[in-house]
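Let's take a walk through this structure together, starting in a loop and ending at the ligand. Keep the 3D view open as you read.

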Amino acid sequence: MSASPERTAAKTRIGVLISGRGSNLFALQEACARGDVPAEIVVVISNQQDAAGVAKAREQGIPVFVLEHRGLRRADHEQAILLELRRHGVEWVCLAGYLRILGRDLVEAYPERILNIHPSLLPAFPGLDAQRQAWEYGVKIAGCTVHLVDHGLDSGPIVAQSSFVVPEGIGSQELADHVLRLEHQLYPATMRRLLTENWAVEGRRLVFG
Ligand code: GRF
């Protein structure tokens with residue numbers, strides 16, 4: 001898969017899925033606004049009405065679509081999301097704290113075009129509360145991972161990782177804060193690379209160049 005010159009000249013249309021505060025969403029959005037990422041966020045979708053990121057996205061004038069998943073069949077919930085992504089002409093989907101595993105229809109609608117950020121150095125500590133898992137395990141190096149999304153839990157090909165040496169005596173919240181600061185740099189930087197460089201997925205390895 002490669003980024004053609006025409007594609008990089010136009011802004012890629014991104015849809016962001018969130019369930020919570022959305023700090024990665026806004027880091028991406030700021031990078032797009034600065035021109036660091038040749039893209040625009042055309043819709044924010046949340047499965048939580050009261051997510052802090054929803055209110056903030058609305059304040060910023062980004063189109064927002066909220067559909068709570070409770071009471072809906074997974075397939076129906078995802079079909080509604082898919083419809084919304086298509087209605088906005090979304091080309092890339094970025095998960096930013098979206099606390100649902102994606103179903104087949106959504107993953108297959110955007111092959112190699114769905115990205116997630118996870119707050120650990122995968123494949124270590126997939127799933128929820130990864131920073132606490134890492135802290136309790138006593139890791140000496142921690143970090144975050146951006147990966148393509150497949151059908152599994154935090155299991156798609158790794159695109160980029162960022163790490164740091166864990167200072168002695170650090171608490172789990174401090175570790176999480178440090179990871180988050182790295183996330184805010186890594187997610188936009190990775191999106192930029194994917195949109196402006198050539199890359200291909202070989203087996204489960206994503207290779208640039
Ligand atoms: C981040 O730690 C991200 O890695 C994980 O969920 C958290 C979302 O935070 N997938 P925010 O909503 O982007 O602030």
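At its relative accessibility, does F125 count as buried or exposed? Before answering, bear in mind that this is a predicted model. To find the residue, go to the loop between β5 and α6, where F125 has its place. Its relative accessibility is 14%. A residue is called buried when its relative accessible area is under 20%, so F125 counts as buried at its 14%.

The backbone of F125 deserves a look too. Its phi is positive, at about 55°, although F125 is not a glycine. As background, most residues other than glycine have a negative phi, and most peptide bonds are trans. Keep both halves of that statement in mind, as each comes up here. The loop between β5 and α6 (130-137) also holds P123, and the peptide bond that leads from L122 to P123 is cis, with omega near 10°.

Now turn to another loop, the one between α5 (104-109) and β5, where you will find E112. This residue, which is not a glycine, also has a positive phi, near 55°. What is the relative accessible area of E112? The value is 30%, so E112 is classed as partly exposed. That class lies between the two cut-offs, under 20% for buried and over 50% for exposed.

With the loops in view, let's move on to the ligand. The space that the ligand takes up is the largest pocket. Which elements give two or more residues to the shell around the ligand? They are α2 (23-34) and β5 (114-118). If you would like to pick out the shell on your screen, select R21, G22, S23, N24, G97, I117, H118, P119, Q131 and E183. Sorted by class, this shell has six polar residues, two charged ones and two nonpolar ones.

Some of these residues make polar contacts with oxygen atoms of the ligand. In the side chain of S23, an N or O atom is 2.5 Å from a ligand oxygen. The side chain of E183 likewise has an N or O atom, here 2.6 Å from an oxygen atom of the ligand. For N24 the partner is a polar backbone atom, which is 2.9 Å from a ligand oxygen. How much of the ligand's area does the protein bury? Taken alone, the ligand exposes 370 Å², and the protein buries 87% of that.

How values were computed: Residues are numbered from 1 along each chain as its sequence is written. This is a predicted model: local features need pLDDT of at least 70, side-chain atom pairs count only at pLDDT 80 or more; totals for chains, interfaces and linings use all residues. Side-chain values use heavy atoms; hydrogens and water are left out. A residue is near a molecule or strand if one of its heavy atoms lies within 4 Å of it. A polar contact is a pair of N or O atoms within 3.5 Å; within protein, one must be able to donate a hydrogen and the other to accept it, and residues adjacent in sequence count only if both atoms are side-chain atoms. Accessible areas come from the Shrake-Rupley method with a 1.4 Å probe; for residues, only the protein chains shown count as cover. On a 1 Å grid over the protein atoms alone, a cavity is a set of points where a 1.4 Å probe fits but cannot get out, and a pocket is an open set with protein on both sides within 12 Å along at least five of seven lines; lining residues have an atom within 4 Å of a point. A molecule sits in a cavity or pocket if more than half of its atoms lie within 2 Å of its grid points. Helices (H or I, at least four residues) and strands (E, at least two) are DSSP runs, numbered from the N terminus. Ala, Val, Leu, Ile, Met, Phe, Trp, Tyr, Cys and Pro count as nonpolar, Asp, Glu, Lys and Arg as charged, and the others, Gly among them, as polar. Buried means under 20% relative accessible area, exposed over 50%, partly exposed in between (1.4 Å probe, protein chains only).
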